[in-house]
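Hi,

Here is the structure I said I would pass on. Have a look at it first, and then read my notes underneath.

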Amino acid sequence: MTDSQLLTTTETSLAVIETIQERDGATPAELAATLDLSESTVYKHLYTLGKHGYVVANGDTYRLGGRFYHFGMYVRNRSKIYELAGKYVIELAEQSNEESDFGIEENGRIVTLFDSVDSSATPSSRLNNYEYMHATAIGKAILARLSPSRIDQIIDRWGLPQLTEQTITSRAALDDELARIRERGYAINDQESIPGKRVAGVVAEDSSGNIIGGFTVSGPAYRIEDADLYREFPDILRRVVPEFETELDSQGLV
C-alpha cells in the first residue's frame, strides 16, 4: 500500500486523537489551529469520535475517552507472553530494589506494557508511553539487533529528536552506541529520555531468536552510580531475563 491509498478522513481523525493526547485535552479551536483545519471539520471528527466513546467533552475541552483504556488492556492481555513478562518485571524490581519495565517495539517506537517499583506489576500509566527507540534502553537494545536497512526505515520515519542534553542525535553516534551494545550485551539510557533517570536494558527473545521485547532496571541519577548502571543492573538483567525466556519455552508460549 502506498501513501496515495491512505484514507484522508481516517488520518485526520487519528491526528485529532494524537493532538488531544499530546496536549492533555484541547478545544476545537486549538485543534483547528494545530492541524490547519477548519473548526467545522474538527467538529465533525469530534462528533464521530464522541459518539463511539473515543473522546469526551468537558465544557469546551475534549479529552480522550475511556474506550481507549479498554483497547489498551486488550492489547496488553492479548498474549500470555506479556502476562508472564509482568511476573519477571516484579522479580527484577525486587532484586534491584529499583524500578523495572517491560516494553515492546511497535512501528519503530517503544510501548511500555508493565512497570513495577515493588512486589506488583501494573499496566504502565505513563502519559508518554510511545517512546523513541534511540533514546531508551529497550529501544537501543532492540536497534542493536536489527538490520541496517530496518534501522534506516525507523530513523527515516521518526528521526533522532533531542529529548534531553544527553540524547543521541546523529546516526554516526547512534551506530557507535549500537556497536558498544552488541559487544557488551546490554543498553544504557543515561538521562537520554528523561533528565535524572538512569536505565539499563536487555532484549528478551524466544527460542528461535525472535525479539519479544525488552526489560529494564532503572533509578534516579542522584542514587544510581556508575557501578549500579554498568555492572549491578546488567548483572541482574542477565540473570533474570534468561529465566523468563526459559519459562516461555517450557510453557510452550513461543
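**Loops, strands and cores**

With 65% relative accessibility, N97 counts as exposed, because the cut-off for that label is over 50%. Keep in mind that this is a predicted model. N97 sits in the loop that links helix 5 and strand 3. Its backbone caught my eye too: phi of N97 is near 60°, which is a positive value in a residue other than glycine.

There is another one like that in a loop further along. Q191, also not a glycine, has a positive phi near 65°. You'll find Q191 between strand 7 (187-190) and strand 8, in the loop there. Its relative accessibility is 25%, so Q191 counts as partly exposed.

Now for strand 3, which has a partner in strand 4 and another in strand 9. Strand 3 and strand 4 are antiparallel, with seven bridges joining them. One of the pairs there is G103 with T112 of strand 4. These two strands make a hairpin with two residues between them, and N107, in the turn, has a positive phi of about 55°. The pairing of strand 3 with strand 9 is antiparallel as well, this time over five bridges. In that pairing, S100 stands opposite V217 of strand 9.

What about the inside? The largest nonpolar core has 29 residues, and the ones touching the most other members are Y82, L92, F102, L113, F215, L237 and F244. At least two residues of this core come from each of helix 5 (80-96), strand 3 (99-106), strand 4 (109-116), strand 8 (197-205), strand 9 (211-220) and helix 9 (226-250). Helix 9 gives the largest share, eight residues. A second core, separate from this one, has 17 residues, with A144, I154, I181 and V203 among them.

One last residue to click on is K197, which lies in strand 8. Is K197 buried or exposed? Its relative accessibility is 17%, so K197 counts as buried, given that the cut-off is under 20%. K197 also pairs up in an interesting way with Y222 if you draw a distance: the two are 25 residues apart in sequence, and their C-alpha atoms are 8.8 Å apart in space.

That's what I have for now. Shout if anything is unclear.

Cheers

Technical notes
Residues numbered from 1 in each chain as written. Predicted model: local features only at pLDDT ≥ 70, side-chain atom pairs only at ≥ 80, totals over all residues. Heavy atoms only, no water. Core = buried A, V, L, I, M, F, W, Y, C linked by side-chain atoms within 4.5 Å. Buried < 20%, exposed > 50% of the residue type's maximum accessible area, 1.4 Å probe, protein only. Helix = DSSP H or I, 4+ residues; strand = E, 2+ residues; numbered from the N terminus. Pairing = 2+ DSSP bridges.
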